[in-house]
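Let's take a walk through this model and look at how its parts meet. Have the structure open and rotate it as you read.

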Amino acid sequence: MVDYEAIIIGAGVIGPVIATSFARQGRKVLLIERDWREPDRIVGELMQPSGLRSLRALGMIQAINNIGATPEIGYTIFYEGRKVHINYPSKADVAPTVPLKSCVFDGNDKVLDDDTLSAKDFEDDEFERGASFEHGKFITNLRNIAKAERNVTTLEGTVTRINQDATGVHGVKVKLPNGDIKEVTADLTVACDGIFSKYRKILGEDNVPTVESHFIALKLKNAELPVRNTGHVILGTEFSPILVYQITPEDTRILCAFNGPTLPRDIKGYLRQNVLPNLPQELQPSFEIALKDQVKTHPNQYLVAKQNDIPGYLVVGDALNIRHPLTGGGMTVGLNDVVLLMRLFEKIPTFSNREQVNEALLEFHYERKNLSGVINVLSFALFSLFAANDENLRILQRGCFKYFELGGTAISIPVGFLSGLIPKPFLLTWVFFKVAFYSIYCNFIEKGLIWLPVSIFQIFTILFTAAYVFTPYLYREIFS
Ligand SMILES: Cc1cc2nc3c(=O)[nH]c(=O)nc-3n(C[C@H](O)[C@H](O)[C@H](O)COP(=O)(O)OP(=O)(O)OC[C@H]3O[C@@H](n4cnc5c(N)ncnc54)[C@H](O)[C@@H]3O)c2cc1C
């Protein structure tokens with residue numbers, strides 16, 4: 001006899017969502033978190049439309065209410081003094097959200113009116129919307145939704161061990177705040193312990209992420225945003241991409257990429273020299289003021305999802321799979337994973353039937369790849385182009401921006417990938433190489449006849465570079 005049907009380790013973004021969904025399926029759940037205070041982090045602040053749809057399907061969309069969230073209608077991309085606006089896709093062009101019967105009730109799949117969000121805009125607008133917010137407040141809302149479920153028990157403590165034997169995982173050992181150790185058993189133990197997960201290694205000793213770049217973050221006070229209600233992506237040939245989005249009515253997040261495995265020693269000096277002069281004029285005063293505050297940094301990691309094949313054990317969220325945060329897709333991948341898991345688990349009356357759970361997890365591993373593959377591959381391919389550090393990448397970067405300037409499907413399809421609404425990896429491949437060919441064409445036009453031999457040579461180097469920054473990620477995401 002076990003204590004719980006499921007134990008969830010970690011109440012960040014994914015833990016409370018899984019706990020709530022399991023509870024609504026009638027399962028008895030223990031949600032363990034080492035620190036229940038509101039987190040203060042620079043991650044998970046912009047939710048793509050597909051992430052919001054997952055929250056709707058799970059009846060948890062109201063977690064974005066009453067936290068001063070900003071509705072987002074798309075992106076504005078800035079490149080060398082020019083800008084292009086990219087709207088999120090039209091609702092008519094994407095499949096409708098299918099609610100999970102066990103999770104949706106009493107209108108919990110609808111956004112409510114509050115001080116900053118309008119239910120009408122979210123529900124009746126022709127276009128999909130995203131939302132940006134203070135991460136900590138969103139997490140508190142998710143945790144409160146989980147705590148309100150009768151079948152969820154919460155516990156403060158740090159999981160120090162996963163109890164495993166030759167037959168699989170049977171529960172955890174938890175260190176309580178008073179130093180006592182508690183052992184808890186369950187049919188299914190779920191690790192949602194995030195980007196720095198200690199317990200992903202149970203799936204394999206080599207299951208460790210790599211660090212390729214960093215984000216440096218500041219919070220701007222009362223910033224004058226060039227285009228309100230859009231995420232800003234600022235690009236150039238001489239600096240790494242910069243992201244800007246409003247997170248509360250007063251606060252705007254700025255994330256400045258640093259392309260390298262270790263951060264510069266003088267971070268503020270780097271921001272003053274490499275970021276400040278490249279910002280749109282309107283943002284510069286608030287950025288200069290914010291430079292007096294403490295700077296936060298975060299490594300950007302990469303981890304391909306490994307199959308969950310240990311009986312009684314499931315790894316999900318950033319513990320399972322990490323992509324570049326440039327495209328703000330982490331929460332969307334994790335939440336879509338929860339929806340998929342719930343659909344697969346709906347057919348399983350009890351997790352004590354480990355064979356049935358493992359069959360579902362095998363299906364999960366392959367079915368999730370369409371969406372996670374698109375978001376993950378796109379995040380790294382775009383980061384390579386946007387942080388262009390050689391001539392071929394700079395040509396691809398310029399070509400990519402010019403491609404967006406064409407409008408129509410040249411923006412509606414790419415933003416469909418980014419927002420998680422077009423989960424088609426092979427269409428992504430086709431569009432990526434179309435952009436590469438368009439870049440080659442633009443390079444020919446810009447260089448003119450006089451440089452024709454160079455442009456012809458560059459056909460090969462540009463195509464090689466495009467393949468080099470795209471195909472290894474595609475291969476790992478889709479075929480591993
Ligand atoms: C710089 C940066 C910016 C990002 N921006 C975005 C964005 O704008 N949009 C987006 O969609 N995604 C973004 N992401 C990704 C997003 O933050 C993650 O995908 C998301 O937080 C993953 O949720 P999670 O629940 O797996 O992990 P987390 O949210 O990290 O939660 C893990 C939880 O587990 C707890 N925990 C850990 N170990 C233990 C233990 N041993 N015992 C008990 N509890 C434990 C932690 O305290 C924490 O509460 C960003 C990532 C980075 C690095």
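What follows is a short tour of one domain interface.

Keep in mind that this is a predicted model. The protein chain splits into three pieces: domain 1 is assembled from the stretches 4-74, 94-207 and 303-372, domain 2 covers 210-301, and domain 3 runs over 373-479. We'll stick with domain 1 and domain 2. Taken over C-alpha atoms, their centres sit 29 Å apart.

So how do these two touch? On the domain 1 side, 24 residues are in contact with 23 residues of domain 2. Putting the pair together buries about 2000 Å² between them, and 57% of that lies on carbon and sulfur atoms. If you want three residues to click on, go for Ile42, Glu45 and Leu326: they supply 29% of the area that domain 1 buries against domain 2, more than any other three residues.

Now for the polar side of the story. Eleven residue pairs make polar contact across the interface of domain 1 and domain 2, counting pairs with both residues at pLDDT 80 or more. As for which element of domain 1 contributes most here, look at strand β4, residues 70-72: with three residues, it gives the most to the side that touches domain 2. That side of domain 1 is made up of twelve nonpolar residues, six polar ones and six charged ones.

How many salt bridges are there between domain 1 and domain 2? The count is two. For a salt bridge to inspect by eye, pick the side chains of lysine 296 and aspartate 40, which meet at 3.3 Å, N to O.

Terms used
Residues numbered from 1 in each chain as written. Predicted model: local features only at pLDDT ≥ 70, side-chain atom pairs only at ≥ 80, totals over all residues. Heavy atoms only, no water. Domains from an automatic or database assignment. Contact = heavy atoms within 4.5 Å. Buried area = accessible area lost by both parts, 1.4 Å probe. Salt bridge = Lys/Arg side-chain N within 4 Å of Asp/Glu carboxyl O. Polar contact = N/O pair within 3.5 Å; in protein donor to acceptor, adjacent residues only side chain to side chain. Helix = DSSP H or I, 4+ residues; strand = E, 2+ residues; numbered from the N terminus. Nonpolar A, V, L, I, M, F, W, Y, C, P; charged D, E, K, R; others polar.
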